[in-house]
Amino acid sequence: MSSPTGPASGLPVRMPRPRQPGRHRRPEPLAAPEGAPALVLAVPGTPSAATRSLVEEVVSIARSELPGLDARIGYLEGDDAEFSTLQSVLTHAAEERAERFEQARAAGADVVEPDGPVAVVVPLLAGPDSALLRRVRQAVMDSRVAADLTDVLGPHPLLAEALHVRLSEAGLARADRARLFTVATAADGIILASVGGDEAVQAAGITGMLLAARLAVPVMAAALDEEGAIAAIAEQLRSSGSQQLALAPYLIGPELDPGLLDEAAKEADCSAAEALGPYPAIGKLALAKYTAALGIAPPQQQGAPVR
């Protein structure tokens, strides 16, 4: 037993440590505000079990960064049976918010009728794709739900980190340049493959410059969905002195047509890394888009120790 003045029996009592003052103190843990809009990931491509697993892992990362986050998944090509469409997810989120308000009011709680967006829709795309983004906007409009639509995830330094990791996992880049770890198959030229036309290639090129700085090799972007573009960039890299090329998809995965990456690698006569997939940066960037839309401070983003 203990008293307000100290331990009654002489046993030690753990006292809370005072908060560390100054700029080095630990930040207060951030949680989703009560009643905050849902984060809805808009997932392109044909749904599959593999896509579901990937997206659920991205959502799990976002939730771990922001406890209490209401995160949902809406598929552009869903069927509402196994894979919920973006439109139906938004409609359901609006119905749930209205139902919670009515229940609280019926219980006599002093509540204010909810206002503002029901959801923040984040396209699960590394770069811009005007055709897919038009479909996302149309689905939001068709739902007749108040929802904010964010920009795509890139370009961003964290995506350059993710590309570096995927290349190193495939044995196509040094995992850690600072340690001079040698990879015999390391590429001396990278083709950064995107989909979405010229706008997507330009956006990929920005991340490509960051990747080039990390790897100290030339990186050039090309469109997977433009005939001959990959081969043309491969020839340009080889003519400038690169002999061992690698293909790095600037894509998360669901938006990538099956077989397209393998065909591009054959076209360029080089090896390819995996798509970005559920790399932790993807969940963090999706959350950052959400928090920016709501005007709340995002959790501190920390990258992997890959340089």
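**Exercise 1. The faces of β4**

Which residues of β4 lie on one side and which on the other, and are they buried or exposed?

*Solution.* Keep in mind that this is a predicted model.
- Step 1: Begin with the alternation rule. In a regular strand, side chains go by turns to the two faces of the sheet.
- Step 2: Sort the residues by side. Ala 71, Ile 73 and Tyr 75 are on one side of β4, with Arg 72 and Gly 74 on the other.
- Step 3: Check the burial. Both faces are covered, and all of these residues are buried. The tally for β4 (residues 71–75) is therefore five buried residues of five, with buried taken as under 20% relative accessible area.

**Exercise 2. β3 and its partners**

Describe the burial of β3, then find the strands that pair with it.

*Solution.*
- Step 1: Look at the burial. Strand β3 spans residues 38–43, and six of its six residues are buried.
- Step 2: Separate the two directions. Ala 38, Val 40 and Ala 42 point one way, while Leu 39, Leu 41 and Val 43 point the other way.
- Step 3: Turn to β5. This strand (residues 119–123) runs parallel to β3 and is joined to it by five bridges. One place to look is Ala 38, whose bridge partner in β5 is Ala 119.
- Step 4: Now take β4. β3 and β4 also pair in the parallel sense, over five bridges. Among the matched positions, Ala 42 stands opposite Gly 74, and Val 43 has Tyr 75 as its bridge partner.
- Step 5: Follow the chain between β3 and β4. The path goes through helix α1 (residues 49–65), and this β-α-β crossover is right-handed.

**Exercise 3. An aromatic pair**

Find the aromatic pairs in the whole structure and classify their geometry.

*Solution.*
- Step 1: Count. The search of the whole structure gives one aromatic pair.
- Step 2: Classify. The ring centres of Tyr 75 and Phe 83 are 5.2 Å apart and the planes stand at 80 degrees, so this pair is edge-to-face. The cut-off needed here is a plane angle over 60 degrees.
- Step 3: Check the surroundings. Tyr 75 and Phe 83 are both buried. Tyr 75 is a familiar residue by now: it belongs to the covered faces of β4.

**Exercise 4. Two pockets**

Describe the two largest pockets by volume, lining and residue class.

*Solution.*
- Step 1: Start with the largest pocket, whose volume is about 640 Å³. It is lined by 28 residues, and those closest to its centre are Gly 253, Glu 255, Leu 256, Asp 257 and Pro 258.
- Step 2: Ask which helices contribute. α1, α3 (130–143) and α7 (260–268) each supply at least two lining residues. The largest share, four residues, comes from α7.
- Step 3: Sort this lining by class. There are 15 nonpolar, six polar and seven charged residues.
- Step 4: Move to the second largest pocket, with a volume of about 410 Å³. Of its 20 lining residues, Glu 34, Gly 35, Ala 36, Arg 97 and Arg 100 are the closest to the centre.
- Step 5: Find the main contributor. Helix α2 (residues 86–106) gives the most to this second lining, with five residues.
- Step 6: Sort the second lining by class. It divides into 13 nonpolar, two polar and five charged residues.

Technical notes: Residues are numbered from 1 along each chain as its sequence is written. This is a predicted model: local features need pLDDT of at least 70, side-chain atom pairs count only at pLDDT 80 or more; totals for chains, interfaces and linings use all residues. Side-chain values use heavy atoms; hydrogens and water are left out. Buried means under 20% relative accessible area, exposed over 50%, partly exposed in between (1.4 Å probe, protein chains only). Two strands pair if DSSP finds at least two bridges between them. A crossover is right-handed if, with the strands pointing away from the viewer, the path from the first strand over the helix to the second runs clockwise. Rings of Phe, Tyr and Trp (its six-membered ring) pair if their centres lie within 6.5 Å; planes under 30 degrees apart count as stacked, over 60 as edge-to-face and the rest as tilted. On a 1 Å grid over the protein atoms alone, a cavity is a set of points where a 1.4 Å probe fits but cannot get out, and a pocket is an open set with protein on both sides within 12 Å along at least five of seven lines; lining residues have an atom within 4 Å of a point. Grid points are joined across faces, edges and corners, and a volume is the space filled by probe spheres set on the points. Ala, Val, Leu, Ile, Met, Phe, Trp, Tyr, Cys and Pro count as nonpolar, Asp, Glu, Lys and Arg as charged, and the others, Gly among them, as polar.
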